[in-house]
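I opened the model in the viewer and went through it entry by entry. These are my notes on what I looked up.

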Amino acid sequence: MKNRQGALASRAMATALAGPAKGKRRRHPTSTINALLIVLLSVGVAWPVVAQQAPLSRAKALLQQGDNQAALRELRPLLESPDPLARMEGLNAQGWILYREGRHADASALFEQALRASQGHGGLREVRLKTLNNAGINAFSAGELDKARSYFEAALAIGSDVAPRYLTIITRQAPMQSAQQQVSAGREKRIERDFEGAVADYTRALAIDPNNNDALSYRGYAYYRLGQYDNARADIEAALASSPQRLDALINLLKVSCASGDDLDAVLKRRGHAIQRQREAMLDDRELQRQCPDLFASLKR
């Protein structure tokens, strides 16, 4: 799931404040990241502001100008400070910069250092709160929802007003992510031709998210390869019910029909329009050619 959540923190904040976003996930341009920074600053998340600490103030200004490397250089003196507050603020700020660059693992390491630096110092509550929020946002963006949840729960315990929004989003997304992890496991087993294992993984995914279209379509194919044609047909038809143009489901429905001796004319009558629209793509499927030679030949004409 990481490759699908590279920029979710910005999207999640927008969702929490303005309702669900539309469209595919993608990396956000600098202008959007700057807008997110302003939102986070307004709720006391991103940067601790201590007037007497000039390096922090200069680094903040450089960050808002988009000069991340110069901002990191400005923060170095804070990391060597004997003052635990200054050191923690420097680590937190550097972690936020690396998060913005998409370097989630490096950012996480800095946030953890900052949190360790706060241990035993009761006067660091505010900067600890901000660091927990930032660490949670970084983990959320990386798709590590369990880790993000632990940070936000710790932040909530000391008064975070950001944490409840993210915890709500995580509660909503966690089951879908868990289901998709099961689907990915099933795909790996399919590649290894372990179709029984694949069916088990897809079934677990559907127990979590009954509407997971990938799990339905892929389980249908696995059943087809196991010769369980009734089960295969039921899953594939269920996948097509919500996604009538789904190419792999259409192809696999034809394979099941040919393998089980179904009335192909009836299938073509029900799905003919979608099949014609996908005809060129279907001609690339060699398994369909082997399973349904006559139908394949008709598609080529």
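**Entry 1: the chain as a whole**

I began with contacts in the protein chain between residues at least 6 apart in sequence, and 55% of them join residues at least 24 apart. I note here that the model is predicted. I then looked up the secondary structure and found 17 helices and zero strands in the protein chain. The chain has 301 residues, and 48% of them count as buried. For the accessible surface of the protein chain I have about 14,900 Å², with 49% of that belonging to carbon and sulfur atoms.

**Entry 2: nonpolar cores**

I looked up the largest nonpolar core, which has 42 residues; Leu75, Phe140 and Phe152 touch the most other members. I then asked which helices each supply at least two residues of this core. I listed helix H3 (54-64), helix H4 (68-79), helix H5 (84-100), helix H6 (104-117), helix H7 (125-141), helix H8 (145-157) and H9. H5 gives the most to this core, with eight residues. Another core lies apart from it and has 35 residues, including Leu206, Leu240, Ala249 and Ala274.

**Entry 3: aromatic pairs**

I searched the whole structure for aromatic pairs and got seven. One of them is formed by tryptophan 96 and tyrosine 99, at 4.8 Å centre to centre with 45° between the planes, and is tilted. Both residues lie in helix H5, three residues apart, which is about one turn of the helix. I checked accessibility for the two, and both tryptophan 96 and tyrosine 99 are buried.

The pair of tyrosine 224 and tyrosine 229 is tilted too, because the planes of the rings are at 40°; their centres are 6.3 Å apart. Is tyrosine 224 buried or exposed? Tyrosine 224 has 6% relative accessibility, so I entered it as buried. Tyrosine 229 is at 27% relative accessibility and therefore counts as partly exposed. I also noted that ring pairs link Phe195, Tyr221, Tyr224 and Tyr229 into a cluster.

I also looked up a charge placed over a ring. The charged end of arginine 190 sits over the ring of tyrosine 218, at 5.2 Å from its centre.

**Entry 4: glutamine 180 and asparagine 213**

I placed glutamine 180 in helix H9, which covers residues 163-191. Its relative accessibility is 15%, so glutamine 180 counts as buried. What does the side chain of glutamine 180 join in a polar contact? I found the side chain of asparagine 212, at 3.2 Å.

Asparagine 213 is in helix H11, residues 213-225. With a relative accessible area of 14%, under the 20% limit, asparagine 213 is buried. Its side chain makes a polar contact of 2.9 Å with the side chain of arginine 246. Setting aside neighbours within four places in sequence, I have asparagine 213 in contact with Ala239, Ser242, Ser243 and Arg246.

**Entry 5: asparagine 68**

I found asparagine 68 in helix H4. At 15% relative accessibility, asparagine 68 counts as buried. Not counting residues up to four places away in sequence, asparagine 68 touches Leu63, Ile97 and Glu101. I also took the C-alpha separation from asparagine 68 to arginine 100, which is 9.1 Å for residues 32 apart along the chain.

**Entry 6: serine 150**

Serine 150 lies in helix H8. Its relative accessibility is 40%, so I recorded serine 150 as partly exposed. A polar atom of the side chain of serine 150 lies 2.7 Å from the backbone oxygen of lysine 147. I looked up alanine 139 as well: serine 150 and alanine 139 are 11 residues apart in sequence and 9.9 Å apart in space, C-alpha to C-alpha.

**Entry 7: arginine 193**

Last, I looked up a backbone angle. Arginine 193 has a positive phi of about 65°, although it is not a glycine. Where does arginine 193 lie? I put arginine 193 in the loop between H9 and helix H10 (195-208). At 59% relative accessibility, arginine 193 counts as exposed.

Technical notes:
Residues numbered from 1 in each chain as written. Predicted model: local features only at pLDDT ≥ 70, side-chain atom pairs only at ≥ 80, totals over all residues. Heavy atoms only, no water. Helix = DSSP H or I, 4+ residues; strand = E, 2+ residues; numbered from the N terminus. Buried < 20%, exposed > 50% of the residue type's maximum accessible area, 1.4 Å probe, protein only. Polar contact = N/O pair within 3.5 Å; in protein donor to acceptor, adjacent residues only side chain to side chain. Core = buried A, V, L, I, M, F, W, Y, C linked by side-chain atoms within 4.5 Å. Contact = heavy atoms within 4.5 Å. Areas by Shrake-Rupley, 256 points an atom, 1.4 Å probe, with all protein chains shown as cover. Phe/Tyr/Trp six-rings, centres within 6.5 Å; stacked < 30°, edge-to-face > 60°. Lys NZ or Arg CZ within 6 Å of the ring centre and 35° of its normal.
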